[in-house]
Amino acid sequence: MNYQRSYSFQLVRLEAGVTPAIGRAILATARPLQALLAAPSAVFITALAITLFRPPDLQFYSLDRVALVGLIFVVLLRTFLVQQSLWIPGPVTLPMFGMVLLAFSSVLTESYEAQNWSLFAAKWLVPLVLYQLAGLAFQNARSIRRFETFSIVILAYLSLTAIFFLIDARSLIFPRYILDESIGIHADRARGPFLQAVANGVSLNLLGLIALDSFRRQRLRGLLALLFAAALPVAILATKTRAVWASFAGSLFVVPFICSSARVKRACACILGASAVCITTFLIFGDTHTSLSDRLQERGPVEFRMGMYVAGWEMFLDKPVIGWSASRIQPELARRISDFHPPYFLFHNTYLEIEVKHGLLGLAMYVWVIVDLFRLGGRRRRFAPTPDGTFLDAEFRSLWPVLVVVYLVNASFVVMSYQFVNGLLFTIAGMLASQNRRARLNQTCLE
């Protein structure tokens, strides 16, 4: 069906039933909505981009929430107009909905704290919504290719921003609030618009794997491929985050063993070689060698995290079933940890935070989410969800577990409260779930 013509027909019919002036006004007002309905994938990508570039200015602090509501409205209205079935993906949905309910009940105990609601949305609500909407917004090869292009463009932006920070070319960094030391953390590292170095590093790693798959299919080639291979290791190095370094190196070592493409194996070897050259160059000649060495030898954060892990584990053992109420966690941590006195205690581990806050029930729900994420990438022998040589094809599905593992490894060292990172992973998961459903329907029809 030509949806664009369908919308136009309905608008013209509406205009014919009223006076000419009112009809023209209605038509002029409806034209922007018609454009949005005709390209839901573009609306989705715009909303995802806003979660990356949300400015810290209080006047625009809720811009990402407005974008999310707009995305829901456009996708659901389009689904209704074209009489498309409103399908809810089976995998991931039920355990994520359980996590949303658990987190919501926890936030209600401190509902006066606006930050708690923001973290609740970033960690649970927004990823679940994007997972549900991805299958409705990305339904054809063109829209999926648009998402791939968006991923590569964001990778280029984040890489350049990190490199500019490393070489102290700060006049080239945009938006300017990235350089504001009074907001966020890790002002001495390449933290990007996230204002947090780990979030920047995880995004670079995930997007780098997507670009690696694009190189396999020759969507990314020539000079762009060379620039990608040279810039990504430098950008990862600039985050000055050991967990990011380890997960990036590990993913490059693992990918050649699970991917059959000779192009991917050569690319991984080249990126590893470029990484070795970058590290050697900066340690010998660069002005940043001292800070890089200090990050490898720094013990203070490790000791603090170990203290947090011990205290968190003891709290979990005290209340393993139902967990601790949100209002009791901070005072209890302050009582148990006497060597450090930060303004706010963070667990620095996603799984430990879930255990302490929601007990064994929350941990079981989250493990269920993880298992479902891995299962989404399973390849079907007889009926491939997408043709070979396209984004999210069978070869990408062999790469999907690596993306999930990169996410999980970094979640062992931080609490994954990064809205863009969560949204990116669950958007891809939603597209995979939608393609699996179409593959099952095709199989049923052929049988």
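Is C268 buried or exposed? At 1% relative accessibility, C268 counts as buried, because the cut-off for that class is under 20%. The structure in which this cysteine sits is a predicted model, and the paragraphs below go from its overall make-up to single residues.

The secondary structure of the protein consists of 17 helices and zero strands. Of its 447 residues, 52% are buried. Its accessible surface comes to about 21300 Å², and carbon and sulfur atoms hold 65% of that area. Among contacts with a separation of 6 or more, 74% are between residues 24 or more positions apart.

The interior can be described through its nonpolar cores. The largest nonpolar core has 120 residues, and those with the most contacts inside it are F147, L373, W400 and I428. Beyond its neighbours within four places in sequence, L373 is in contact with V92, W400, V404, L425, F426 and A429. W400 therefore appears both among the residues with the most contacts inside this core and among the contacts of L373. A second core, separate from the largest one, has 13 residues, including F304, L333, I337 and F345.Helix α13 covers residues 300-318, and G312 is found in it. With a relative accessible area of 0%, G312 is buried. Leaving aside neighbours within four places in sequence, G312 is in contact with F347, L352 and V356. For one of these, F347, the separation along the sequence is 35 residues, while the C-alpha atoms of G312 and F347 are 7.1 Å apart.

Helix α7 spans residues 141-166 and contains T161. T161 counts as buried because its relative accessibility of 6% falls under 20%. Apart from neighbours within four places in sequence, its contacts are I173, I178 and G192.

The loop between α7 and α8 (197-216) contains P175. A cis peptide bond, with omega at about -5°, joins F174 and P175. H186 is placed in the loop between α7 and α8 as well. What is the sign of phi at H186, a residue other than glycine? Phi of H186 is positive, near 60°. H186 has a relative accessible area of 19% and is buried, since the limit is under 20%.

Another residue with a positive phi is L392, where the angle is about 70° although the residue is not a glycine. L392 lies in the loop between α15 (350-376) and α16 (394-411). At 0% relative accessibility, L392 counts as buried. Helix α16 in turn holds R397. R397 has a relative accessibility of 2%, so it counts as buried under the 20% limit. The C-alpha atoms of R397 and G378 are separated by 6.7 Å, and the two residues are 19 apart along the chain.

On the surface, L223, L224, L226 and L227 make a nonpolar patch of about 450 Å². One of these leucines, L227, lies in helix α9, which runs over residues 222-238. Why is L227 classed as partly exposed? Its relative accessible area is 48%, and partly exposed covers the range between the 20% limit for buried and the 50% limit for exposed, so L227 belongs to that class.

The last topic is the cysteines. The structure holds zero disulfides. Why is there no bond between C259 and C268? The closest cysteine sulfur to that of C259 is in C268, at 7.7 Å, which is too far for a bond because a disulfide requires sulfur atoms within 2.5 Å. Seen from the other side, C268 is in no disulfide, and its nearest cysteine sulfur is that of C259, 7.7 Å away. C259 counts as buried at 6% relative accessibility, and C268 counts as buried at 1%.

Key. Residues numbered from 1 in each chain as written. Predicted model: local features only at pLDDT ≥ 70, side-chain atom pairs only at ≥ 80, totals over all residues. Heavy atoms only, no water. Helix = DSSP H or I, 4+ residues; strand = E, 2+ residues; numbered from the N terminus. Buried < 20%, exposed > 50% of the residue type's maximum accessible area, 1.4 Å probe, protein only. Contact = heavy atoms within 4.5 Å. Areas by Shrake-Rupley, 256 points an atom, 1.4 Å probe, with all protein chains shown as cover. Patch = residues over 30% accessible without salt bridge, like charges linked within 9 Å, V, L, I, M, F, W, Y side chains within 5 Å. Salt bridge = Lys/Arg side-chain N within 4 Å of Asp/Glu carboxyl O. Core = buried A, V, L, I, M, F, W, Y, C linked by side-chain atoms within 4.5 Å.
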